[in-house]
Amino acid sequence: MEKEEFPLKKVCIICSKGSLETVYPALVLANGALLEGIEVKLFFTFFGLDAIHKKFYKKIHTPVVGNPALRLPGNIPFPTLLGILPGMEDLTTAMMKSTMNKLDIPTVPEFIEYINAGGGEIYACKLAMDMFGVKREDLIDEVKDVLTVGEFYAKCGGQGTQIIFI
Amino acid sequence: MATKVIAGKTVNVNEEGYLLDPNEWTIDIAHEIAKEEGISLTQKHIDVINFIRDKVLKGETLSMRSISKSGVVTVKELYELFPGTPLKLACKIAGVQKPASCV
């Protein structure tokens, strides 16, 4: 019997945190899907709202405390106590961003531009906005709408759709 | 490895129809592959294709970012020129392998 293929047609990606290692996977997956002709809905909730917040979306950082996979050059473990020093997070983030720049990995604003240009839809979570006192005008113009969870699910229907929570 | 006659020329292609040797490419081949994909090439398409070929033949990695920063085309235009799978389609018409990059 021939194996039936069900190709992916749509991905609904939920970005729930505001750290670099959460925001980037969400953006890479979204942009990568669009390049494959897969429809994309991106939903930013909780601290993930930072990634579409005018004030913060250019300043996404990588956390240096409580991150056991973070290592110094030469694979030396990064002590949590070192992470509490002022400027350590900025330094680590700057190092990571410089590496990413060399690898031609887009910045957050560039990714948002590509996703928007490719027809990917970007949404913000209403509940999270209420919780953090974020207003529509605080969010970047590329945000298509502010949705409740029910309204988001309504957009996630259809055969060949997957929801990815990050 | 398979061969295919495109625009009167026998070329080596992979199973997805990408040219294996970019040096076998001609502009007539580009027009014919584009036609198969439902695209009628304009000067703008050709500008993008030339940029991609130049980059790939120099051995550089092709990415969305390098295209968007090239000044040749915006990302929005790229999606309009090569609908569906813009980067893959542009590479196929340009006679180069599809990009092995996640970004």
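Is B:Asn23 buried or exposed? Select B:Asn23 and look around: B:Asn23 is exposed, because 8 other C-beta atoms lie within 10 Å. (The cut-offs: buried takes 20 or more other C-beta atoms within 10 Å of the residue's own, exposed takes 12 or fewer, partly exposed is in between, and C-beta atoms are placed from the backbone.) What you have open is a predicted model, where local features need pLDDT of at least 70, side-chain atom pairs count only at pLDDT 80 or more, and totals for chains, interfaces and linings use all residues. Residues are numbered from 1 along each chain as its sequence is written, while chains are lettered from A and ligands numbered from 1 in the order in which they are written.

**Stop 1: around B:Asn23**

B:Asn23 sits in the loop between strand S2 (9–13) and helix H1 (27–36) of chain B. Helices (H or I, at least four residues) and strands (E, at least two) are DSSP runs, numbered from the N terminus. Now add B:Phe51 to the selection: 28 residues separate B:Asn23 from B:Phe51 along the chain, and their C-alpha atoms are 15 Å apart.

**Stop 2: chain B as a whole**

Colour chain B by secondary structure and you should find 5 helices and 2 strands. From the N terminus, the order is β-β-α-α-α-α-α. The radius of gyration of chain B is 13 Å, close to the 13 Å that the globule rule gives for 103 residues, so chain B is as compact as a globular protein of that length. (That radius is taken over C-alpha atoms, and the rule is 2.2 Å times the number of residues to the power 0.38.) Along the principal axes, the C-alpha atoms of chain B fill a box of roughly 35 × 25 × 20 Å. Of its 103 residues, 32% count as buried.

**Stop 3: two crossing helices in chain B**

Next, show helix H2 (residues 43–57) and helix H5 (residues 86–94) of chain B, which pack at an angle of about 80° with their axes 9 Å apart. Axes are lines fitted to C-alpha atoms, for helices over the stretch in contact, and angles run from 0 to 180 degrees between N-to-C directions. That angle makes H2(B) roughly perpendicular to H5(B), a label for angles of 65 to 115 degrees; under 35 is roughly parallel, over 145 roughly antiparallel and the rest oblique.

Put side chains on B:Val48, B:Ile49, B:Ile52 and B:Arg53 of H2(B), then on B:Ala90, B:Cys91, B:Ile93 and B:Ala94 of H5(B), and you have the contact. Two residues are in contact if their C-beta atoms, placed from the backbone, lie within 7 Å. The contact residues divide into 7 nonpolar, no polar and 1 charged. Here Ala, Val, Leu, Ile, Met, Phe, Trp, Tyr, Cys and Pro count as nonpolar, Asp, Glu, Lys and Arg as charged, and the others, Gly among them, as polar.

**Stop 4: where the chains meet**

Bring chain A in: 15 of its residues are in contact with 15 residues of chain B. On the chain A side, helix H1 (20–35) and helix H4 (108–117) are the elements giving two or more residues. That side divides into 6 nonpolar, 5 polar and 4 charged residues.

**Stop 5: H1 and H4 of chain A**

Select H1(A) and pick out its buried residues, among them A:Tyr24, A:Leu27, A:Asn31 and A:Leu34. Their cover includes strand S1 (10–15), strand S2 (39–44) and H4 of chain A together with H5 of chain B. Just past H1(A), A:Gly37 has a positive phi of about 80°.

Move on to H4(A), where the buried residues include A:Phe111, A:Ile112 and A:Ile115. The buried residues of H4(A) pack against H1, S2 and strand S5 (121–125) of chain A, together with helix H3 (64–68) and helix H4 (75–81) of chain B. After H4(A) comes A:Gly119, with a positive phi near 85°.

**Stop 6: A:Glu142, then zoom out**

A:Glu142 is in the loop between helix H5 (126–132) and strand S6 (143–147) of chain A. Because 17 other C-beta atoms lie within 10 Å, A:Glu142 is partly exposed. Leaving aside neighbours within four places in sequence, A:Glu142 is in contact with A:Ile112, A:Asn116 and A:Ile122. The C-alpha atoms of A:Glu142 and A:Ile122 are separated by 6.8 Å.

Finally, zoom out on chain A, with its 6 helices and 7 strands. Its C-alpha trace spans about 55 × 50 × 25 Å along the principal axes.
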